[in-house]
Amino acid sequence: GANTKGGIQLKLPAVSRPVVQAMVFIIFAAMFVSLAYPADVPLDSLYLSMDPLVSGAALLFHRGAWLPALIPAAGLILFSLAFGRAFCGWACPVGFLSDAAGLPRKLLKRKPPDLPLRGVRYGVLAAVLVASLFTLGALSFLDPMVVFQRSAYLAYGLSGIPVVLILILLGSALVPRLWCRVCPLGALLGIAAVASPFGRRVNGGCTGCMECRGACPTGAISKDNAWDAGACVKCLACERACPMNAISFSPSKPRPTVSAGRRSFIIAGGLLGLVALARAVP
(Lines give C-alpha, C1' and ligand atoms only; values in the text may rest on other atoms or scores of the structure.)
Protein backbone atom coordinates (compact mmCIF):
# COMPACT_ATOMS: atom_id res chain seq x y z
CA GLY A 1 0.00 0.00 0.00
CA ALA A 2 1.02 3.62 -0.43
CA ASN A 3 0.61 6.33 2.14
CA THR A 4 -1.90 9.01 1.20
CA LYS A 5 -3.31 12.00 2.97
CA GLY A 6 -6.50 10.06 3.74
CA GLY A 7 -4.75 6.98 5.08
CA ILE A 8 -3.43 3.83 3.44
CA GLN A 9 -4.33 3.43 -0.21
CA LEU A 10 -4.52 -0.16 -1.42
CA LYS A 11 -3.02 -0.64 -4.88
CA LEU A 12 -3.26 -4.05 -6.55
CA PRO A 13 -1.96 -5.13 -9.97
CA ALA A 14 -4.70 -5.30 -12.63
CA VAL A 15 -4.03 -9.01 -13.12
CA SER A 16 -4.76 -9.82 -9.46
CA ARG A 17 -8.55 -9.91 -9.68
CA PRO A 18 -8.88 -12.27 -12.70
CA VAL A 19 -6.40 -14.66 -11.10
CA VAL A 20 -8.28 -14.70 -7.80
CA GLN A 21 -11.60 -15.03 -9.64
CA ALA A 22 -10.34 -17.99 -11.68
CA MET A 23 -8.98 -19.79 -8.60
CA VAL A 24 -12.21 -19.34 -6.63
CA PHE A 25 -14.26 -20.36 -9.69
CA ILE A 26 -12.37 -23.65 -9.94
CA ILE A 27 -12.94 -24.31 -6.23
CA PHE A 28 -16.67 -23.62 -6.47
CA ALA A 29 -17.00 -25.71 -9.62
CA ALA A 30 -15.25 -28.67 -7.98
CA MET A 31 -17.52 -28.40 -4.94
CA PHE A 32 -20.77 -27.94 -6.80
CA VAL A 33 -20.43 -30.75 -9.35
CA SER A 34 -20.45 -33.15 -6.40
CA LEU A 35 -23.83 -31.87 -5.18
CA ALA A 36 -27.06 -33.32 -6.48
CA TYR A 37 -29.68 -30.90 -7.70
CA PRO A 38 -31.86 -29.73 -6.13
CA ALA A 39 -29.73 -29.46 -3.03
CA ASP A 40 -31.46 -29.63 0.33
CA VAL A 41 -31.01 -26.33 2.07
CA PRO A 42 -29.80 -25.06 4.33
CA LEU A 43 -27.90 -27.50 6.53
CA ASP A 44 -27.39 -30.34 4.06
CA SER A 45 -25.17 -28.12 1.92
CA LEU A 46 -22.56 -26.16 3.83
CA TYR A 47 -21.43 -24.33 0.70
CA LEU A 48 -24.91 -23.00 -0.06
CA SER A 49 -25.44 -22.27 3.63
CA MET A 50 -22.65 -19.70 3.35
CA ASP A 51 -24.99 -17.76 1.04
CA PRO A 52 -27.02 -15.43 3.31
CA LEU A 53 -29.86 -15.23 0.78
CA VAL A 54 -30.24 -19.02 0.73
CA SER A 55 -30.09 -19.23 4.52
CA GLY A 56 -32.46 -16.30 5.00
CA ALA A 57 -34.97 -17.74 2.52
CA ALA A 58 -34.79 -21.17 4.20
CA LEU A 59 -35.29 -19.52 7.57
CA LEU A 60 -38.49 -17.88 6.32
CA PHE A 61 -39.73 -21.04 4.59
CA HIS A 62 -39.18 -23.20 7.68
CA ARG A 63 -40.55 -20.51 10.03
CA GLY A 64 -37.31 -20.13 11.94
CA ALA A 65 -36.70 -23.86 12.41
CA TRP A 66 -33.30 -23.56 10.71
CA LEU A 67 -31.93 -20.69 12.77
CA PRO A 68 -28.47 -22.36 13.20
CA ALA A 69 -28.07 -22.17 9.41
CA LEU A 70 -27.49 -18.44 9.68
CA ILE A 71 -24.15 -19.03 11.42
CA PRO A 72 -22.07 -19.81 8.26
CA ALA A 73 -23.95 -17.11 6.33
CA ALA A 74 -23.02 -14.57 9.00
CA GLY A 75 -19.40 -14.87 7.85
CA LEU A 76 -20.18 -13.42 4.42
CA ILE A 77 -22.29 -10.66 5.96
CA LEU A 78 -19.43 -9.71 8.29
CA PHE A 79 -17.02 -9.78 5.35
CA SER A 80 -19.32 -7.40 3.46
CA LEU A 81 -19.56 -5.09 6.46
CA ALA A 82 -15.77 -4.85 6.36
CA PHE A 83 -15.03 -4.85 2.61
CA GLY A 84 -18.31 -4.13 0.83
CA ARG A 85 -19.44 -6.27 -2.10
CA ALA A 86 -15.91 -7.58 -2.70
CA PHE A 87 -17.31 -11.12 -2.83
CA CYS A 88 -19.29 -10.14 -5.95
CA GLY A 89 -16.23 -8.65 -7.63
CA TRP A 90 -13.61 -11.16 -6.60
CA ALA A 91 -15.24 -14.51 -5.72
CA CYS A 92 -18.74 -14.95 -7.18
CA PRO A 93 -18.55 -17.61 -9.92
CA VAL A 94 -21.41 -16.03 -11.88
CA GLY A 95 -19.64 -12.68 -11.65
CA PHE A 96 -16.46 -14.26 -13.05
CA LEU A 97 -18.35 -15.75 -15.99
CA SER A 98 -20.12 -12.42 -16.55
CA ASP A 99 -16.76 -10.66 -16.79
CA ALA A 100 -15.57 -13.29 -19.27
CA ALA A 101 -18.72 -12.88 -21.38
CA GLY A 102 -18.08 -9.14 -21.61
CA LEU A 103 -14.50 -9.45 -22.87
CA PRO A 104 -15.40 -9.27 -26.61
CA ARG A 105 -17.34 -6.06 -26.00
CA LYS A 106 -14.38 -4.56 -24.15
CA LEU A 107 -11.90 -5.59 -26.85
CA LEU A 108 -14.11 -4.04 -29.52
CA LYS A 109 -14.51 -0.95 -27.30
CA ARG A 110 -18.26 -0.97 -27.73
CA LYS A 111 -20.02 1.53 -25.48
CA PRO A 112 -22.77 -0.26 -23.52
CA PRO A 113 -26.24 1.25 -23.00
CA ASP A 114 -26.79 3.26 -19.83
CA LEU A 115 -29.64 1.35 -18.20
CA PRO A 116 -31.61 2.94 -15.31
CA LEU A 117 -31.50 -0.07 -12.99
CA ARG A 118 -30.49 1.55 -9.70
CA GLY A 119 -32.66 0.20 -6.91
CA VAL A 120 -34.14 -2.66 -8.98
CA ARG A 121 -32.07 -5.21 -7.07
CA TYR A 122 -33.81 -4.29 -3.80
CA GLY A 123 -37.19 -4.98 -5.37
CA VAL A 124 -35.94 -8.36 -6.62
CA LEU A 125 -34.59 -9.13 -3.14
CA ALA A 126 -37.92 -8.27 -1.52
CA ALA A 127 -39.74 -10.45 -4.06
CA VAL A 128 -37.45 -13.43 -3.34
CA LEU A 129 -37.98 -13.12 0.40
CA VAL A 130 -41.75 -12.83 0.05
CA ALA A 131 -41.80 -15.88 -2.23
CA SER A 132 -39.71 -17.76 0.34
CA LEU A 133 -42.66 -17.76 2.71
CA PHE A 134 -44.26 -20.29 0.38
CA THR A 135 -41.51 -21.86 -1.75
CA LEU A 136 -37.75 -21.94 -2.25
CA GLY A 137 -38.12 -22.35 -6.00
CA ALA A 138 -37.27 -18.72 -6.75
CA LEU A 139 -33.70 -19.37 -5.61
CA SER A 140 -33.19 -21.70 -8.60
CA PHE A 141 -33.14 -18.78 -11.02
CA LEU A 142 -32.52 -15.71 -8.86
CA ASP A 143 -29.73 -16.64 -6.44
CA PRO A 144 -26.33 -16.72 -8.22
CA MET A 145 -24.84 -19.46 -6.06
CA VAL A 146 -27.84 -21.73 -6.60
CA VAL A 147 -27.86 -20.89 -10.32
CA PHE A 148 -24.20 -21.84 -10.57
CA GLN A 149 -24.64 -25.02 -8.53
CA ARG A 150 -27.51 -26.10 -10.78
CA SER A 151 -25.60 -25.16 -13.94
CA ALA A 152 -22.44 -26.98 -12.86
CA TYR A 153 -24.46 -30.09 -12.05
CA LEU A 154 -26.29 -30.04 -15.40
CA ALA A 155 -23.16 -29.36 -17.45
CA TYR A 156 -20.99 -31.93 -15.67
CA GLY A 157 -23.60 -34.67 -15.91
CA LEU A 158 -24.68 -33.69 -19.45
CA SER A 159 -28.21 -33.89 -18.08
CA GLY A 160 -29.58 -30.59 -19.31
CA ILE A 161 -28.92 -27.09 -20.59
CA PRO A 162 -28.16 -24.37 -18.00
CA VAL A 163 -30.64 -21.95 -19.55
CA VAL A 164 -30.63 -19.40 -16.72
CA LEU A 165 -26.85 -19.10 -16.70
CA ILE A 166 -26.75 -18.79 -20.49
CA LEU A 167 -29.29 -15.93 -20.35
CA ILE A 168 -27.22 -14.20 -17.65
CA LEU A 169 -24.09 -14.45 -19.80
CA LEU A 170 -25.88 -13.18 -22.91
CA GLY A 171 -27.04 -10.17 -20.93
CA SER A 172 -23.52 -9.57 -19.63
CA ALA A 173 -22.17 -9.73 -23.19
CA LEU A 174 -24.34 -6.71 -24.00
CA VAL A 175 -24.22 -4.78 -20.70
CA PRO A 176 -21.34 -5.04 -18.19
CA ARG A 177 -22.36 -7.13 -15.19
CA LEU A 178 -26.04 -6.80 -16.08
CA TRP A 179 -26.94 -9.57 -13.65
CA CYS A 180 -25.04 -7.93 -10.78
CA ARG A 181 -27.21 -4.83 -11.16
CA VAL A 182 -30.37 -6.79 -10.32
CA CYS A 183 -28.94 -9.67 -8.24
CA PRO A 184 -30.84 -10.16 -4.94
CA LEU A 185 -27.78 -11.61 -3.19
CA GLY A 186 -25.80 -8.58 -4.33
CA ALA A 187 -28.57 -6.36 -2.93
CA LEU A 188 -28.36 -8.12 0.44
CA LEU A 189 -24.57 -7.79 0.55
CA GLY A 190 -24.90 -4.20 -0.69
CA ILE A 191 -27.02 -3.27 2.33
CA ALA A 192 -24.15 -4.42 4.54
CA ALA A 193 -21.63 -2.72 2.24
CA VAL A 194 -22.78 0.80 3.10
CA ALA A 195 -21.10 0.36 6.49
CA SER A 196 -17.74 -0.69 5.01
CA PRO A 197 -14.84 1.60 5.94
CA PHE A 198 -13.14 0.90 2.58
CA GLY A 199 -14.87 3.53 0.51
CA ARG A 200 -14.13 5.30 -2.75
CA ARG A 201 -12.19 8.51 -2.22
CA VAL A 202 -11.68 11.22 -4.84
CA ASN A 203 -8.99 13.84 -4.21
CA GLY A 204 -8.58 17.35 -5.59
CA GLY A 205 -6.83 16.07 -8.71
CA CYS A 206 -10.16 14.99 -10.23
CA THR A 207 -10.92 16.89 -13.44
CA GLY A 208 -14.45 15.56 -13.88
CA CYS A 209 -13.59 13.62 -17.04
CA MET A 210 -15.80 10.72 -15.82
CA GLU A 211 -13.50 8.05 -17.23
CA CYS A 212 -14.23 6.26 -13.96
CA ARG A 213 -17.95 6.11 -14.71
CA GLY A 214 -17.30 4.61 -18.11
CA ALA A 215 -15.05 1.95 -16.58
CA CYS A 216 -17.43 0.96 -13.77
CA PRO A 217 -19.11 -2.35 -14.71
CA THR A 218 -22.01 -2.05 -12.28
CA GLY A 219 -23.17 1.54 -12.67
CA ALA A 220 -22.00 2.47 -9.18
CA ILE A 221 -20.92 5.97 -10.27
CA SER A 222 -23.58 8.49 -11.28
CA LYS A 223 -23.32 11.32 -13.80
CA ASP A 224 -22.54 13.76 -10.97
CA ASN A 225 -19.70 11.49 -9.74
CA ALA A 226 -21.66 10.25 -6.72
CA TRP A 227 -20.71 6.75 -5.60
CA ASP A 228 -23.18 4.00 -4.64
CA ALA A 229 -21.50 1.74 -2.08
CA GLY A 230 -24.28 -0.82 -2.42
CA ALA A 231 -23.66 -1.23 -6.16
CA CYS A 232 -19.84 -1.19 -6.09
CA VAL A 233 -18.20 -4.63 -6.31
CA LYS A 234 -14.73 -3.29 -5.41
CA CYS A 235 -13.26 -4.32 -8.78
CA LEU A 236 -11.05 -1.17 -8.68
CA ALA A 237 -11.71 -0.50 -12.39
CA CYS A 238 -12.51 3.16 -11.70
CA GLU A 239 -9.25 3.59 -9.79
CA ARG A 240 -7.22 2.25 -12.71
CA ALA A 241 -9.17 4.22 -15.32
CA CYS A 242 -8.56 7.61 -13.70
CA PRO A 243 -5.89 9.45 -15.76
CA MET A 244 -5.12 11.74 -12.80
CA ASN A 245 -4.74 9.00 -10.16
CA ALA A 246 -7.37 10.87 -8.17
CA ILE A 247 -9.33 7.81 -7.04
CA SER A 248 -8.45 5.45 -4.25
CA PHE A 249 -10.11 2.90 -2.00
CA SER A 250 -8.80 3.47 1.47
CA PRO A 251 -10.04 3.32 5.07
CA SER A 252 -12.29 6.21 6.01
CA LYS A 253 -15.34 6.84 8.14
CA PRO A 254 -18.33 5.28 6.36
CA ARG A 255 -21.24 7.59 5.57
CA PRO A 256 -24.25 5.30 5.15
CA THR A 257 -27.05 6.71 3.03
CA VAL A 258 -30.54 5.31 2.67
CA SER A 259 -31.57 5.45 -0.98
CA ALA A 260 -35.16 5.20 -2.13
CA GLY A 261 -34.56 1.57 -3.12
CA ARG A 262 -33.08 0.63 0.25
CA ARG A 263 -35.84 2.51 2.06
CA SER A 264 -38.47 0.57 0.13
CA PHE A 265 -36.72 -2.70 0.91
CA ILE A 266 -36.50 -1.90 4.63
CA ILE A 267 -40.24 -1.16 4.70
CA ALA A 268 -40.97 -4.34 2.74
CA GLY A 269 -38.68 -6.29 5.07
CA GLY A 270 -40.54 -5.04 8.12
CA LEU A 271 -43.89 -6.05 6.63
CA LEU A 272 -42.41 -9.39 5.61
CA GLY A 273 -41.29 -10.01 9.17
CA LEU A 274 -44.79 -9.38 10.46
CA VAL A 275 -46.28 -11.76 7.88
CA ALA A 276 -43.71 -14.45 8.73
CA LEU A 277 -44.45 -14.07 12.44
CA ALA A 278 -48.18 -14.29 11.81
CA ARG A 279 -47.74 -17.48 9.77
CA ALA A 280 -45.49 -19.01 12.42
CA VAL A 281 -48.06 -18.55 15.19
CA PRO A 282 -50.34 -21.62 15.46
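**Loop between helix 13 and helix 14**

I began with asparagine 225, which I found in the loop between helix 13 and helix 14. The model is a predicted one, and I read the backbone angles with that in mind. Asparagine 225 has a positive phi of about 70°, although it is not a glycine.

I then looked for other residues of this kind and noted leucine 236. Leucine 236 also sits in the loop between helix 13 and helix 14. Its phi is positive, at about 70°, and leucine 236 is not a glycine either. I checked the accessibility of leucine 236 and got a relative value of 9%. Buried means under 20%, so leucine 236 counts as buried.

**Salt bridges**

I listed the salt bridges next, and the count comes to three.

I took aspartate 228 to start with, as I was already in its loop. Its side chain meets that of arginine 121 in a salt bridge, at 3.2 Å from N to O. Aspartate 228 belongs to the loop between helix 13 and helix 14, while arginine 121 belongs to helix 8 (residues 120-131); the pair links distant parts of the chain, 107 residues apart. I asked myself whether aspartate 228 and arginine 121 are buried or exposed. Both are buried.

I moved on to aspartate 99. A salt bridge joins its side chain to that of arginine 17, with 3.1 Å between N and O. Aspartate 99 lies in helix 6 and arginine 17 in helix 1, so this pair ties together parts that are 82 residues apart in sequence. I noted arginine 17 as buried, because its relative accessible area is 14%.

Aspartate 99 also forms a salt bridge with arginine 177, where the closest N and O atoms are 2.9 Å apart. Here the link runs from helix 6, which holds aspartate 99, to the loop between helix 11 and helix 12 (184-193), which holds arginine 177; the two residues are 78 apart. For arginine 177 I read a relative accessible area of 2%, so I put it down as buried.

Which residues are joined into one network by salt bridges that share partners? I wrote down Arg17, Asp99 and Arg177.

**Largest pocket**

I looked up the largest pocket and recorded a volume of about 1,200 Å³. Its lining has 43 residues, and those that lie nearest its centre are Pro176, Gly214, Ala215, Cys216 and Pro217. I then went through the elements that give two or more residues to this lining: helix 1 (16-32), helix 6 (93-101), helix 7 (103-107), helix 13 (211-215) and helix 14 (237-241). Which of the helices gives the largest share of the lining? Helix 6 does, with four residues. I sorted the lining residues by class and obtained 19 nonpolar, eight polar and 16 charged.

**Surface patch**

I searched the surface for nonpolar patches and noted one formed by Ile161, Val163, Ile166, Leu167 and Leu170. Together these residues have about 490 Å² of accessible area. I followed up valine 163, which lies in helix 11 (residues 163-174). I recorded valine 163 as partly exposed, because its relative accessible area is 45%.

**Alanine 155**

My last entry concerns alanine 155, which I placed in helix 10 (residues 144-157). Alanine 155 counts as partly exposed, because its relative accessibility is 44%. I compared its position with that of valine 33: the two are 122 residues apart in sequence, and their C-alpha atoms are 8.7 Å apart in space.

Notes
Residues are numbered from 1 along each chain as its sequence is written. This is a predicted model: local features need pLDDT of at least 70, side-chain atom pairs count only at pLDDT 80 or more; totals for chains, interfaces and linings use all residues. Side-chain values use heavy atoms; hydrogens and water are left out. Patches are made of residues with over 30% relative accessible area and no salt bridge: like charges are joined within 9 Å, nonpolar side chains (Val, Leu, Ile, Met, Phe, Trp, Tyr) within 5 Å. Accessible areas come from the Shrake-Rupley method with a 1.4 Å probe; for residues, only the protein chains shown count as cover. A salt bridge is a side-chain nitrogen of Lys or Arg within 4 Å of a carboxyl oxygen of Asp or Glu. Buried means under 20% relative accessible area, exposed over 50%, partly exposed in between (1.4 Å probe, protein chains only). On a 1 Å grid over the protein atoms alone, a cavity is a set of points where a 1.4 Å probe fits but cannot get out, and a pocket is an open set with protein on both sides within 12 Å along at least five of seven lines; lining residues have an atom within 4 Å of a point. Grid points are joined across faces, edges and corners, and a volume is the space filled by probe spheres set on the points. Ala, Val, Leu, Ile, Met, Phe, Trp, Tyr, Cys and Pro count as nonpolar, Asp, Glu, Lys and Arg as charged, and the others, Gly among them, as polar.
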